[in-house]
Number of protein chains: 2
Amino acid sequence: MASPTVSFLLIIITTVLLPSPSSSLTSQPSNFFPSNKPPRFLGKHSHPIKTNHQQYRYETRYFFQPLDHFSFSDLPRFRQRYLINTDHWVGPSRLGPIFLYCGNEGDIEWFAVNTGFVWEIASRFGAMVLFPEHRYYGESMPYGSREEAYKNATTLSHLTTEQALADFAVLITDLKRNFSAEGCPVVLFGGSYGGMLAAWMRLKYPHIAVGALASSAPILQFEDIVPPETFYNIVSNSFKRESSSCFDTIKQSWNALTSEGQGKDGLQQLSKTFRLCRELKSVQDLTNWLDSAYSYLGMVNYPYSSNFLMPLPGHPIREVCRKIDGSPDGSSILDRIFNGVSIYYNYTGDVDCFQLDDDPHGMNGWNWQACTEMVMPMSSDRNTSMYPAYDWDYSAFGEKCRRDFQVTPRPRWITTEFGGHDIEHVLKFFGSNIIFSNGLLDPWSGGSVLKNISETIVALVMEEGAHHIDLRASTTEDPDWLVEQRATEIKLIEGWLDTYSKKMQATFTM
Amino acid sequence: MASPTVSFLLIIITTVLLPSPSSSLTSQPSNFFPSNKPPRFLGKHSHPIKTNHQQYRYETRYFFQPLDHFSFSDLPRFRQRYLINTDHWVGPSRLGPIFLYCGNEGDIEWFAVNTGFVWEIASRFGAMVLFPEHRYYGESMPYGSREEAYKNATTLSHLTTEQALADFAVLITDLKRNFSAEGCPVVLFGGSYGGMLAAWMRLKYPHIAVGALASSAPILQFEDIVPPETFYNIVSNSFKRESSSCFDTIKQSWNALTSEGQGKDGLQQLSKTFRLCRELKSVQDLTNWLDSAYSYLGMVNYPYSSNFLMPLPGHPIREVCRKIDGSPDGSSILDRIFNGVSIYYNYTGDVDCFQLDDDPHGMNGWNWQACTEMVMPMSSDRNTSMYPAYDWDYSAFGEKCRRDFQVTPRPRWITTEFGGHDIEHVLKFFGSNIIFSNGLLDPWSGGSVLKNISETIVALVMEEGAHHIDLRASTTEDPDWLVEQRATEIKLIEGWLDTYSKKMQATFTM
């Protein structure tokens, strides 16, 4: 069982890709989405928090990386942190594999602690374990400190996906040489944005990695590849399936919030209704808090109790809806909503009052990435979504990015650089050894690869799965399908390594 | 027949990849390779020269590219030139293919004029023809002018292979959208460095191009993948095969040159012997001129008369050796050498005196690339090579680059980014649709892919072929093997397009 501290941390790590139309970037007048905030993907707890990670042993090391792999500007190198464990590694002579987790947008120790799967299978494979940190996160700060790295658009300009992949490529190449392990196969792992990195790395650097397990990796959530309504529709459907009146109450609540907020002492009244620690400054802050809860609930709507993001009961959406629907007769819409989201934010009942956001204006790496390359269009359909209706508005989004970061997004760049359109044709005869694992409850699954593309680029789709749970440590409570899913993943990885070592042996005996 | 002007231009275009150990970067004292010059790959005629290209019709257009695709620095966009012809294109409704030549290190008009193969087959395929220019060459200058672009290491810093590939990717994606041609397949072509670009582009951007014809593309001429002696051994063997005394004479000539040069009035005497227009400033300038001739001869040692680089007889090395061996009794070594290289530099007999190098100190794009990413180790073996012995010395090379360009090379970067080691295993089950075409006479063939890797990544190896002759326009003098080679290439490309259109039809009828 993870400790409460760890459980809390999971929020940070796994909320990695939460979109926020409520913090959307429209500059048009709108009842629901005033343009007063940058997009938030990491949520409010995106600050490094020390944690108890004694369960996995690793050494912390540092590697000096060029800040810019793709130009020869005279920029200072930066210190990339990586975690390494060689306890189980059988070494170069036996072609001991190297398991590399593609660090994503956060402190790498968070990911290491919460990616038990990699640690658990390392001994079975005789593998080295590596967790390199993503540049501009955790301790891996260009220009010596977070403050300097996040100073302005110029210092942030090298926070890009391609640079991060090149960091991994350069690091692993150097490490392999130092270990005389050039012949050892590398297997990539990653969840969420990290899963995207793993898949893209296998595609772009096949000479460096023999395969990738890309868990909950929405590599198709760009441009027009999937409908922009996908994410919110999946969440909304999860609520509707439980109870259409619950769905309706939530759908009506946004207008109720606005009306209430506009009334005399409205913000004070709302702060009271929602038991906030500090008085609300705008209705927007509250809608952010609410729609985050629904989206996170969509991601962790497991049929059993969990503390993946928060300590939650099994079927948490069902429980939320029970509270909403089952509030005492005469309860207002907002009372019902409060009772519902208390399941998410206060299942343990320990919370006296709620903090909405402790640093709404802090610069945040993912916000920068969302305003540059990682432009994921998100809409909320006025009929099918329970969220406030919202049409993706790129020009307003760009305007907001220019205002917040003095940067203009490149919304077509990711599909130009990594593809995505027509992926089943493009990769049918190109590439190999990628597992796209997804749980259909996860709203991110809508932007992921859900069908086998070829014999070796496969989709593992779990009906009751949610956001990259397969990467987490096994527990005694794991349902059968999860146990089987992990067994399948192990078998596929064994297959890659087997093929690889046969090829190598054939070379040696030639 | 190409006009004399065009023939002259061919020197420029096809000498693209000539290595120069004679202009090597060692800082150690050496009889033969004093470190007074940066490496020269383009040769002396690397300036834009206007030419008669009326044989192929195209429109010249421009596209604004980000200077840095992989960061969000606030750098000015630059105007990339591209040539386009849609005369034969059957358009999007019939999935008309797009033939894209990957512009390499020179004026794109040179390459367009000298890549007749692409023009000739376009009508047969109903294809659009595109020749985008490589950044920092021709008219495609960042910062508005060549002078500004080549000002210093900072302005040059974005002259890299990855940026050039991204330019192609962004351009073609934009063009396809403008033509509503998203479904039209792109086929890549390229020779020499352009061939490397074509192969790498197919590997890195499979979603953008369905296949690549990479002619004379030495993608393995990096790090320790092939022995550094390969290039000069191939040239030397071509001479030795013709005549061992010829080989010996050349091998002895370097000492003779040095002795003569060191004598009283030695440089004056050498200038006379070699009929130079201006008096020699150093022996080095002369050795550069001589070893360039041998290396170029290696590249164009066709069994029939040609004017690929220069107007030359068939078996030009045989002719050179005839002159060297058959000089009148009592001829000095240097007289023999002069008689020999006159075949190369003055086969028509029109030259009164020889210009060695009109701009030895000019900054040159390829020199920058060689000093940053494109570090191709070259040695000359003291036994098997007829060139002066030289051991590749990376640290001296790096020193020289820092001195000349204030830049430190990254000698391992190309193999990290694009691979190369163990390529037959890496690509056996990864990637598809690449033709590596090579002629074994071409010294660059030693660093190229000469064996089939898979069913669809194939090597076309022509025993009597030389530097990317398959890309040139057909002539009535083409030998049978060349006609057959081109027919095979056409058939393979037809296969790629056929598979592609079947996949697309299957989608439409689904």
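What rotation superposes chain A on chain B, and with how much shift along its axis? In this predicted model, the rotation is 180 degrees and the shift is 0.0 Å.

**Figure 1. Chain A and chain B are related by a two-fold axis.** Once superposed, chain A and chain B agree with an RMSD of 0.1 Å. A rotation of 180 degrees with 0.0 Å of shift along its axis is the relation of a two-fold axis. Of the interface residues of chain A, 100% are also interface residues in chain B, so the copies meet through the same surface.

**Figure 2. The contact between the chains takes 47 residues from chain A and 47 residues from chain B.** About 4,100 Å² is buried between chain A and chain B. Carbon and sulfur atoms give 62% of that area. In chain A, three residues lose the most area to chain B: F70(A), F72(A) and F430(A). Together they make up 21% of what that side buries.

**Figure 3. Polar contacts join chain A and chain B, with zero salt bridges between them.** The count is 25 residue pairs in polar contact, both residues being at pLDDT 80 or more. The salt-bridge rule finds zero pairs across this interface.

**Figure 4. Helices of chain A supply residues to the side that touches chain B.** At least two residues each come from α6 (161–178), α7 (193–204), α16 (413–418), α17 (423–426) and α18 (480–508) of chain A. The largest share, seven residues, comes from α6(A). By type, the residues on this side of chain A divide into 18 nonpolar, 18 polar and eleven charged.

**Figure 5. Y56(B) and W119(B) form a stacked aromatic pair.** Over all chains, the count comes to 67 aromatic pairs. In the pair shown, the ring centres of Y56(B) and W119(B) lie 5.2 Å apart and the planes meet at 5 degrees, so the pair is stacked. Y56(B) sits in the loop between α1 (4–14) and β1 (59–65) of chain B. W119(B) belongs to helix α3 (residues 116–125) of chain B. The two are 63 residues apart, and the pair links distant parts of the chain.

**Figure 6. A salt bridge joins the side chains of E494(A) and R124(A).** The N to O distance is 3.4 Å. E494(A) lies in helix α18 of chain A, and R124(A) lies in helix α3 (residues 116–125) of chain A. This pair also links distant parts of the chain, with the two positions 370 residues apart in numbering. Over all chains, the structure holds 36 salt bridges.

Conventions
Residues are numbered from 1 along each chain as its sequence is written. Chains are lettered from A and ligands numbered from 1 in the order in which they are written. This is a predicted model: local features need pLDDT of at least 70, side-chain atom pairs count only at pLDDT 80 or more; totals for chains, interfaces and linings use all residues. Side-chain values use heavy atoms; hydrogens and water are left out. Copies are superposed by least squares on the C-alpha atoms of residues with pLDDT of at least 70 in both. Contact means heavy atoms within 4.5 Å. Buried area is the accessible area (1.4 Å probe) that two parts lose on being put together, summed over both. A salt bridge is a side-chain nitrogen of Lys or Arg within 4 Å of a carboxyl oxygen of Asp or Glu. A polar contact is a pair of N or O atoms within 3.5 Å; within protein, one must be able to donate a hydrogen and the other to accept it, and residues adjacent in sequence count only if both atoms are side-chain atoms. Helices (H or I, at least four residues) and strands (E, at least two) are DSSP runs, numbered from the N terminus. Ala, Val, Leu, Ile, Met, Phe, Trp, Tyr, Cys and Pro count as nonpolar, Asp, Glu, Lys and Arg as charged, and the others, Gly among them, as polar. Rings of Phe, Tyr and Trp (its six-membered ring) pair if their centres lie within 6.5 Å; planes under 30 degrees apart count as stacked, over 60 as edge-to-face and the rest as tilted.
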